[in-house]
Amino acid sequence: RAFLGTLGSLAGLALLEPVAASSGLSRTIPATGESLPALGMGTWITFDVGGDLAAIDQRVEVLRAFFALGGRMIDSSPMYGTAPDVVGAALARLDGPPVYAASKVWISGRERGAAQIAHQRGRWGIERFDLVQVHNMVDWHTHLETLLAMKAEGRLRHVGITTSHGRRHDALADVIRKRPFDFVQLSYSIADREAESRLLPLAQEHGKAVIINRPFRTGALFRNVAGRPLPGIARELDCRSWSEFFLKFVISHPAVTCAIPATSRVDHMRENMRALRGPLPDAAARTAMVRAFESA
């Protein structure tokens with residue numbers, strides 16, 4: 001991945017082939033029946049670049065590639081430093097791309113939560129969010145009422161709740177069973193499969209869309225396979241890179257709606273988005289993928 005960076009930056013967008021979102025893998029949001037590409041984009045760390053103009057220019061090109069290759073969902077949070085501002089600056093320069101805007105509320109209190117949502121919308125420079133999620137379940141009882149009211153008034157399309165790093169699974173399971181969230185977001189990867197035993201089947205049973213964060217385990221998966229060739233099963237799935245291999249494992253789970261890998265590079269974005277195309281593993285192939293990864 002690192003070696004390809006130089007070539008990717010030289011090639012830029014001249015090599016991109018615009019592809020309609022419908023030509024790649026999409027999944028249905030159970031609450032509304034809307035289709036969403038199975039890969040979105042996270043912005044944690046990668047878009048928190050402050051006022052670095054060169055870095056912002058680079059993120060604009062990452063987003064340009066993302067949309068050209070069929071992407072829609074961008075996920076951010078007030079927790080992510082300047083990332084929402086960088087997303088907003090990029091969207092303004094890209095002149096109305098087909099974004100599905102997903103943000104979060106990460107504060108306690110009804111009034112402070114509503115103010116934070118409004119502030120985030122201003123940072124993005126958009127009229128409304130498609131999805132607002134309660135970040136890491138902070139004061140979720142309070143915020144759920146606010147989000148449902150916004151949805152009823154047409155100021156929001158979907159409501160969600162998140163956790164990460166394998167935390168609070170018992171609490172999230174209870175929320176999935178009993179509360180009217182449209183989306184849940186959680187961590188899942190080929191090396192972190194705890195969600196398979198309960199949360200993913202539960203979300204599917206109760207009609208929740210599922211967003212997957214940390215599908216690369218914040219880059220740790222690439223360190224695990226550094227210098228190793230792709231296994232034979234990767235060729236059967238038309239995977240040309242480990243990133244495609246890892247992402248196809250995640251998005252092939254039937255409960256998963258969208259995974260949101262983060263990147264700051266166009267070449268990595270192109271690799272990631274290739275996972276939307278070609279065959280996906282069935283249950284037997286997924287088992288073979290796990291064996292191949294664990295023996296790499």
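**Note on the predicted model: helix packing, sheet and pocket**

1. Helices α3 and α4 are oblique to each other. In this predicted model, the two axes, of α3 (residues 83-94) and α4 (residues 110-124), meet at an angle of about 40° and are 7 Å apart. Since angles under 35 degrees count as roughly parallel and 65 to 115 as roughly perpendicular, the pair is therefore classed as oblique.

2. The contact between these helices draws on Pro84, Asp85, Val87, Gly88 and Leu91 from α3, and on Gln120, Arg123 and Trp124 from α4. By class, the residues of this contact are four nonpolar, two polar and two charged.

3. The strands β3 to β10 form an open sheet of eight, in the order β3-β4-β5-β6-β7-β8-β9-β10, and the pairing is parallel. At the edges stand β3 (41-42) and β10 (258-259); each has a single partner strand, so one side of each is left without a neighbour in the sheet.

4. At the β10 edge, the link to strand β9 (residues 209-213) consists of two bridges, and the two strands run parallel. Within this pairing, Ile212 has Ala259 of β10 as its bridge partner.

5. Helix α5 (residues 140-152) lies across three strands of the sheet, namely β5 (100-105), β6 (129-134) and β7 (156-162). Relative to β7, helix α5 runs at about 165°.

6. The loop between β6 and α5 deserves a remark on backbone geometry. Asn136, placed in this loop, has a phi near 50°, a positive value in a residue other than glycine. Asp139 is also found in the loop between β6 and α5, and Asp139 likewise has a positive phi, of about 50°, although it is not a glycine.

7. Which residues lie nearest the centre of the largest pocket? They are Trp44, Ile45, Arg214, Thr218 and Ala262, out of a lining of 35 residues. The volume of this pocket is about 670 Å³.

8. The lining of the largest pocket comprises 11 nonpolar, 16 polar and eight charged residues. Arg214 is one of the residues nearest the pocket centre, while strand β9 covers residues 209-213. Ala262 is another of those central residues, and the edge strand β10 covers 258-259.

Methods: Residues are numbered from 1 along each chain as its sequence is written. This is a predicted model: local features need pLDDT of at least 70, side-chain atom pairs count only at pLDDT 80 or more; totals for chains, interfaces and linings use all residues. Side-chain values use heavy atoms; hydrogens and water are left out. Axes are lines fitted to C-alpha atoms, for helices over the stretch in contact, and angles run from 0 to 180 degrees between N-to-C directions. Helices (H or I, at least four residues) and strands (E, at least two) are DSSP runs, numbered from the N terminus. Angles under 35 degrees count as roughly parallel, over 145 as roughly antiparallel, 65 to 115 as roughly perpendicular and the rest as oblique. Contact means heavy atoms within 4.5 Å. Ala, Val, Leu, Ile, Met, Phe, Trp, Tyr, Cys and Pro count as nonpolar, Asp, Glu, Lys and Arg as charged, and the others, Gly among them, as polar. On a 1 Å grid over the protein atoms alone, a cavity is a set of points where a 1.4 Å probe fits but cannot get out, and a pocket is an open set with protein on both sides within 12 Å along at least five of seven lines; lining residues have an atom within 4 Å of a point. Grid points are joined across faces, edges and corners, and a volume is the space filled by probe spheres set on the points. Two strands pair if DSSP finds at least two bridges between them.
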